[in-house]
Amino acid sequence: MSVTASLSASHHVELTPDFDLSAHNTLGLEARARFGATITNANEAAPLLEEARRLDLPLRVLGGGSNVVLRPFYDGVVARMSIKGRAVVSQTPSETVVEFGAGEDWHEAVCWTVAQGLPGLENLAGIPGTMGAAPVQNIGAYGCELVDRFVSLVAFDTSEQAMVTFDRAACNFSYRQSVFKGTPGRFIVVSVKLSLPREWRPNLAYPGLNQLPEDVDAATILDTVVAVRQSKLPDWRRTGNAGSFFHNPIVSADVANQLTASHINMPRYPQADGRAKLSAAWLIEQSGFKGYRLGGAGVSERHALVLVNNGGATQAEIAELAERITSAVRDRFGVSLVQEPELI
Ligand SMILES: Cc1cc2nc3c(=O)[nH]c(=O)nc-3n(C[C@H](O)[C@H](O)[C@H](O)COP(=O)(O)OP(=O)(O)OC[C@H]3O[C@@H](n4cnc5c(N)ncnc54)[C@H](O)[C@@H]3O)c2cc1C
């Protein structure tokens, strides 16, 4: 059975009841939603919201489900983002601007730009998920963040019921943060514009890339990033996971100095504002959790920052494990860990 909402003359949104989300989250948790839908066109956002409101249900968008922890049941409408499209929209002597539909697969988009001779995103290769979710947490890896290449995005504002354009300043990006993280569910990103520099220089500063020659091409960097990621992270297709489960904590220089005095091997990375970023993986490993198991949930043997579904894990087990880790790290180091994937 399906419910069809035909709220605009040309755009129909089909709602599927009792929608199974188990195959749509990389942690592989069993989860269902009261209704599911698929957005393939920006014009479907308004009628979808109208239909959710008619049913008196909340509406959430899901991309690849690689940065969420799903509850067993979402009593609302989950819309899977599938707006496709990629095109060069402008070129100047200094940059090429490319626009993508929010449902484009992030890694495929990176591969496409590099294949077009448009380097600039290669350090962000291999990150699971969709284009539309990339600005939500300002994705980053290997010395590069989305903000470095971001121009603007278009989103449907469910509060104002209108399409709005955000430039870089309006997104308020910082480390794994944006205006969208602070307003969960309010904006549905439908397209993203990125700027790729015409005079490209490889970014090889990050460990794992600094052995590459300075005249390396972007395709080689892309392949190297993918290989290094595969060697470090468990493959979510085999062992469910949501990547890094906690942010790397950023603490004052004083706190970092005190910690370094008692833990001389503790990694710390200076920030531009004088504070220090700590390694959440190191804190968790030192707290004895690498390889730890709790029911079907566990901490990866390969990377202490990755919580895994070893088989049949429940959201409650993941939550209990996350709580044990944060308590242990707080007790031992006095540092609070913040969970990265959103609980929906
Ligand atoms: C193995 C693995 C490795 C990872 N490595 C990295 C990494 O190196 N760096 C990094 O930054 N992240 C990493 N991640 C996290 C994740 O891949 C990114 O956060 C990614 O951008 C999430 O995309 P998604 O489409 O799966 O989002 P989802 O998980 O579907 O959604 C995440 C959030 O964004 C919202 N959202 C999704 N689409 C939209 C939209 N179109 N409009 C508005 N809101 C939306 C959702 O409601 C939710 O709040 C990793 C995850 C995994 C599983």
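Let me start with two helices. H2 and H4 cross with a left-handed sense. This is a predicted model, so keep that in mind throughout. H2 covers residues 106-115, and H4 covers residues 218-232. Their axes come within 10 Å of each other and cross at roughly 155°. Anything over 145 degrees counts as roughly antiparallel. H2 and H4 are therefore roughly antiparallel.

Now the ligand. How many residues are around the ligand? There are 32 residues around it. Which come nearest? Those are Val61, Gly63, Ser66, Thr130 and Glu342.

What is that shell made of, by class? It has 15 nonpolar residues, 13 polar ones and four charged ones.

Which strands each supply at least two residues of the shell? There is S4, at 59-62. There is S9, at 140-141. Then come S13, at 187-197, and S14, at 240-244.

Next, the polar contacts. Look at the glycine backbone. A polar backbone atom of glycine 64 sits 2.8 Å from an oxygen atom of the ligand. For glycine 65, a polar backbone atom is 2.9 Å from a ligand oxygen. Glycine 140 pairs with a nitrogen atom of the ligand: its polar backbone atom is 2.8 Å away.

How much of the ligand's accessible area does the protein cover? On its own, the ligand has 980 Å² of accessible area, and the protein covers 93% of that.

To recap. Two helices, H2 and H4, are roughly antiparallel. The ligand has 32 residues around it, with backbone contacts including one at glycine 64 and one at glycine 140. That's the tour.

Note on methods: Residues are numbered from 1 along each chain as its sequence is written. This is a predicted model: local features need pLDDT of at least 70, side-chain atom pairs count only at pLDDT 80 or more; totals for chains, interfaces and linings use all residues. Side-chain values use heavy atoms; hydrogens and water are left out. A residue is near a molecule or strand if one of its heavy atoms lies within 4 Å of it. A polar contact is a pair of N or O atoms within 3.5 Å; within protein, one must be able to donate a hydrogen and the other to accept it, and residues adjacent in sequence count only if both atoms are side-chain atoms. Accessible areas come from the Shrake-Rupley method with a 1.4 Å probe; for residues, only the protein chains shown count as cover. Helices (H or I, at least four residues) and strands (E, at least two) are DSSP runs, numbered from the N terminus. Ala, Val, Leu, Ile, Met, Phe, Trp, Tyr, Cys and Pro count as nonpolar, Asp, Glu, Lys and Arg as charged, and the others, Gly among them, as polar. Axes are lines fitted to C-alpha atoms, for helices over the stretch in contact, and angles run from 0 to 180 degrees between N-to-C directions. Angles under 35 degrees count as roughly parallel, over 145 as roughly antiparallel, 65 to 115 as roughly perpendicular and the rest as oblique. A crossing is left-handed if the near helix is turned anticlockwise from the far one by less than a right angle, and right-handed if clockwise.
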